[in-house]
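The following paragraphs lead the reader through one protein structure, beginning at a single residue and passing from there to helices, loops and the chain as a whole. Please keep the sequence and the model in view while reading.

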Amino acid sequence: MLIAGAGMAGLVAAVRARELGLDPVVIEKGTRPGGSMLLSSCVVWRHLEWEDFRADCPGGDDAQQRLVWERLDDALAWLVSLGAEPVWEDTENPRTTGKRFDPRALTTLLAQGVDIRLEAPLPPRAEPPLVLATGGFGGRLARERGLILRANPWSAGDGLDWALSRGARLTAGMGEFYGRVMPARPARIREQDFVPLAQLYGREARVLTDDGRDITPPSVAWHENDLAQLVGRSAWFVVERTNDRIEAARAAGGTVVTRDDGSIAVHVSGSVTHTIGGILVDTSARVIGLDGVWAVGVDAGGIATGGYSSGLAQALVLGLAAAEDAAR
Ligand SMILES: Cc1cc2nc3c(=O)[nH]c(=O)nc-3n(C[C@H](O)[C@H](O)[C@H](O)COP(=O)(O)OP(=O)(O)OC[C@H]3O[C@@H](n4cnc5c(N)ncnc54)[C@H](O)[C@@H]3O)c2cc1C
């Protein structure tokens, strides 16, 4: 079995497939395993209450959401049984539950013993059995919309294109993404700055367009993913006083201005971490309409539509589901 992509979803599928007696080969376009997991805060979480998941992601597919919500705790226990050591035993958010891991340690653990071929992109002529785990099309969406890419540099929609060319179907939410508001260029944003430079105080900010129009929304979601979509290519966050994240933006060369009334204006840009729409799959991660093909992680779409839920949880649960289905 071929698995395209060595992020969380592809590695989990590979480890589970090996446990079940299969002999998977993982082909990875990039120069290292780990995908965006390696750059992440690595909190693998679900909403504590099912109703909150539905309310936060109202456009998501009910059956897919239930799969992630119901299987995540067992999936986390499986990770721990492999030797993954949580650095937090639970999230620090009262709305969610899950575990946080060290992303390097988790990548090393999952990559151990797996046959991974680096700098080996999915060949257009690849044939089933095949697991698509290429991380969605964030790179493409960011380029098309002039947004910052806050993710691994290789996930540009290759799995999606492969599946579509063979008749796969799309989910809702193809224009939606999970991302953060970041300092706008000319701020220097390196991979290690993705977490500390996120401008996560938007609910206290007024949002102004570049020509000064006030577009502050009436309310902001707890995760502020909605602001990343609202800000788009560029806008200003205006707040009464500075904070650590603004000072980090200033230190990175971002544009931070003290206005005549003493308020602070930060020039910001939306960034894309991963896409929310994607390939339509069933609850075994099988691509609808294609025999012997699974799409896992954020290659599969339609789970967080209309909001935001854990991409790592989606990668973990769908990776397991695909391997188990393939073994059956
Ligand atoms: C800064 C940051 C913080 C984050 N924090 C969190 C968090 O705390 N909690 C959470 O749940 N999520 C978080 N995320 C999101 C999370 O990392 C992703 O949702 C998750 O890693 C997606 O996993 P994936 O395996 O589906 O895709 P990816 O991790 O994107 O892996 C896809 C892999 O496929 C490879 N690939 C691409 N194209 C091809 C091809 N043609 N052939 C072969 N290989 C290919 C890529 O190089 C990559 O290695 C964060 C992300 C970032 C960047």
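Where is the place of Val298? In this model, which is predicted, Val298 belongs to the loop between β16 (293-295) and α9 (311-327). Its relative accessible area is 12%, and because buried means under 20%, Val298 counts as buried. Residues that Val298 touches, apart from those up to four places away in sequence, are Gly135, Gly136, His274, Thr275, Gly277, Gly311 and Gln314. A further distance helps to place Val298: its C-alpha atom is separated by 14 Å from that of Leu320, and these two residues are 22 apart along the chain.

From here the reader may turn to α5, a helix formed by residues 138-145. Its buried residues are Gly138, Gly139, Arg140, Leu141 and Ala142. The cover over these buried residues includes two helices or strands that follow in the sequence, β8 (148-149) and α6 (158-165). It also includes β9 (177-178), β14 (264-272) and β15 (274-275). After α5 comes Gly146, with a positive phi near 70 degrees.

A second helix can be read in the same manner. Helix α4 comprises residues 103-111, and within it Pro103, Leu106, Thr107, Leu109, Leu110 and Ala111 are buried. When such a list is read, it is useful to recall that an α-helix has 3.6 residues a turn, so residues three or four places apart point the same way. The buried residues of α4 pack against the helices α1 (8-19) and α3 (62-82), and also against the strands β5 (96-101) and β6 (115-117). Just after α4, Gly113 has a positive phi of about 80 degrees.

The loops also deserve attention. Gln199 is situated in the loop between β10 (181-183) and β11 (206-208). Is Gln199 buried or exposed? With a relative accessible area of 1%, Gln199 is buried. Its side chain has a polar atom 2.8 Å from the backbone oxygen of Leu197. A polar atom of the Gln199 side chain also lies 3.0 Å from the backbone oxygen of Arg245. Setting aside neighbours within four places in sequence, Gln199 is in contact with several residues, among them Val181, Met182 and Pro183. The contacts of Gln199 also include Phe237, Ile246, Ala249, Val266 and Val268, together with Arg245 and Glu224.

Glu224, one of these contacts of Gln199, has a backbone feature of its own. Although Glu224 is not a glycine, its phi is positive, at about 65 degrees. This residue is found in the loop between β11 and α7 (225-231). Glu224 has a relative accessible area of 4% and is therefore buried. Cys42 likewise is not a glycine and has a positive phi, of about 60 degrees. The loop that holds Cys42 runs between β2 (25-27) and β3 (43-47). Cys42 counts as buried because its relative accessibility is 1%.

Which peptide bonds are cis? One is the bond from Pro128 to Pro129, with omega near 0 degrees. Pro129 has its place in the loop between β6 and β7 (130-132). Another cis peptide bond joins Arg185 and Pro186, where omega is about 15 degrees. Pro186 is in the loop between β10 and β11, which is also the loop of Gln199.

These local features may now be set within the whole chain. The protein chain contains nine helices and 16 strands. Its C-alpha atoms fill a box of roughly 65 × 40 × 35 Å along the principal axes. A compact globule of 328 residues would have a radius of gyration near 20 Å, and the chain has 20 Å, so the two agree. Buried residues make up 55% of the 328 residues. Of the contacts in the chain with a separation of 6 or more, 72% are between residues 24 or more positions apart.

The surface and the charges complete the description. The accessible surface of the chain is about 13,700 Å², and carbon and sulfur atoms account for 49% of this area. The chain carries 34 positive and 42 negative charges, and the mean positions of the two groups are 4 Å apart.

Definitions and conventions: Residues are numbered from 1 along each chain as its sequence is written. Side-chain values use heavy atoms; hydrogens and water are left out. Helices (H or I, at least four residues) and strands (E, at least two) are DSSP runs, numbered from the N terminus. The radius of gyration is taken over C-alpha atoms; the globule rule is 2.2 Å times the number of residues to the power 0.38. Buried means under 20% relative accessible area, exposed over 50%, partly exposed in between (1.4 Å probe, protein chains only). Contact means heavy atoms within 4.5 Å. Accessible areas come from the Shrake-Rupley method with a 1.4 Å probe; for residues, only the protein chains shown count as cover. Lys and Arg count as positive and Asp and Glu as negative; His and the chain ends are not counted. The place of a charge is taken as NZ of Lys, CZ of Arg, CG of Asp or CD of Glu. A polar contact is a pair of N or O atoms within 3.5 Å; within protein, one must be able to donate a hydrogen and the other to accept it, and residues adjacent in sequence count only if both atoms are side-chain atoms.
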